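Me: I would like a close look at a single part of this model, followed outward into its surroundings. Please take it slowly and state the cut-offs as you go.

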Amino acid sequence: MHGVGMRDKKHFTKDSIQIAPFVLLPSPFPSTEFNKAIELQPILNELMHKVAHDDKFLEHTLQNALQVDEFTANLYDIWVKVRQEGITQSIMLGLFRSDYLMQCTEANRIKQVEINTIASSFGAISSELPAMSRYILRQLGHGDLIKNMPVNNALSGLCAGIVQAYDLFDVASAIILFVVEEVSYNICDQRFHEFEISEKRPDIQIYRKTLNEIYVETTLNDKKQLVLDGRPVAVVYYRSGYEPAQYPSSREWDARLRVERSTAIKCPSIQYQLAGTKKVQQTLAGAGVLEQFVGGGAAACRVRDIFTGLYSLDFDEGGERAVDMALADAERFVLKPQREGGGNNLYGAEVREALLKMRHSRERAAYILMERILPPLVSGYVVRPGAPVPPPLSDLVSELGIFGVIIGTKDKIYCNRQVGHMLRTKLADANEGGVAAGLGALDSPYLLEM
């Protein structure tokens, strides 16, 4: 009733949506670990900001992956071209999300799954979900438990970041441009951002365009402003563009290059997107690397504590050790490519099969190896279209995402804050957990002293 919906991938039509899968009751999560993730987000925001501005680090870290991953190589080529021509807009807007699973040990601590620097979705409809959870708790006679549900202002926080970037652009009559897929399934989450900005700032006009439409309908003027309908674009916010399928021809890549050449503030910039690759995440976990960006003090210790085992598959001694380790016990690991959006990782027997196939191929350098995080199980009811009514009580695992906003140049940060959260929950026997991919369900955390 509050728009927590998606378009149906199996029976797609632009004229209807269905409910997004959700968990009926909020799922328990340790309050100390939730608060730890909240407090860490500004540190992680600044870490990714510094990584994105370290040209030599990105070049060195991605050099092997670029030889075998065409998509990342195309992004990298745009970055090189824009740097050679001269950066026209030094301000960057990052809307990030750091994702965690609880590691089931005696201590039960959060471990980072990944950090998303592009299309960090579900901040909008995750902000709507707690109202339903509170309603259900009251209907069940447990309104007193609502106090254990944290406030979630992800939608307003993310949109405030976009508006702040717009104001820093400081050009009268400028617009905001949302970059969307040719076919958008996650339409409610996208649109809610537009509605929120329109309510808070009715003077700002928002356009939705695909990369192909940007290629056809935009130009660069003599000031290097990106112009659409005769108006300069202040902020370009990518809700797509993180998958090869969204670049079916050279037109889409030309559109991305045009945006990067412009004075528009990008969310994310090409540097932020490259900084969010799995290869960068793996490299940061190496001995002494994280400390190059955050120093050797308490901040580094706190960040390093959330890392799980991450291993390179490059053709060197370390890469060979990682391959041998995974082949010996494939169930311990996940094989992750440089992709976002869910549904791309390999698990268990798939890990062994893939590594045997590409052990002597440079293709393996496009992946990283990550130790599996084994979270504790909770019981709950997943409600989804077509599911039995009432739904069965199932064993579930939850993944916490913390949203962050950072705006700045290489030398100056204008804002850096944590702005909200989301909880995605899946059946315990499911490997992937992406809601948009149809594998997970939206949830709300219920904080407990554990």
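Leaving aside its neighbours within four places in sequence, which residues is Ser444 in contact with?

Reply: This is a predicted model, in which local features need pLDDT of at least 70 and side-chain atom pairs count only at pLDDT 80 or more, while totals for chains, interfaces and linings use all residues. Residues are numbered from 1 along each chain as its sequence is written, and side-chain values use heavy atoms, with hydrogens and water left out.

Once neighbours within four places in sequence are set aside, Ser444 is in contact (heavy atoms within 4.5 Å) with Pro26, Ser27, Leu129, Pro130, Ser133, Met149 and Leu423. Ser444 sits in the loop between strand S20 (441–443) and strand S21 (445–448); helices (H or I, at least four residues) and strands (E, at least two) are DSSP runs, numbered from the N terminus. Because its relative accessible area is 3%, Ser444 counts as buried, where buried means under 20%, exposed over 50% and partly exposed in between, with a 1.4 Å probe and protein chains only. Thr425 is 19 residues from Ser444 in sequence, and their C-alpha atoms are 9.1 Å apart in space.

Strand S19 also takes part in a salt bridge (a side-chain nitrogen of Lys or Arg within 4 Å of a carboxyl oxygen of Asp or Glu). Arg424 pairs there with Asp99, the closest N and O atoms being 2.9 Å apart. The two are 325 residues apart, with Asp99 in strand S5 (residues 92–103) and Arg424 in strand S19 (residues 413–427), and both are buried.

The structure holds 27 salt bridges, so two further pairs may serve for comparison. Glu85 and Arg261 meet at 2.6 Å, N to O; since Glu85 belongs to helix H3 (residues 70–85) and Arg261 to helix H8 (residues 250–261), this pair ties together parts 176 residues apart in sequence. Here Glu85 is partly exposed, with a relative accessible area of 41%, and Arg261, at 27%, is partly exposed as well. Glu114 and Lys278 meet at 3.2 Å, N to O, and because Glu114 lies in strand S6 (residues 109–116) and Lys278 in helix H10 (residues 278–284), this pair ties together parts 164 residues apart in sequence. Glu114 is buried at 13% relative accessibility, and Lys278 is buried at 2%. Elsewhere, salt bridges that share partners join Glu33, Lys36, Arg109 and Asp305 into one network.

As for nonpolar cores (sets of buried Ala, Val, Leu, Ile, Met, Phe, Trp, Tyr and Cys residues joined through side-chain atoms within 4.5 Å), the largest has 73 residues, of which Val51 and Val236 touch the most other members. Helix H1 (residues 31–52) gives the largest share, 10 residues. Not counting residues up to four places away in sequence, Val51 touches Phe57, Leu58, Ala275, Val280, Leu284 and Phe293. Another core, of 43 residues, lies apart from it and includes Val163, Ile197, Ile206 and Met422. In soluble globular proteins, nonpolar side chains tend to be buried together.
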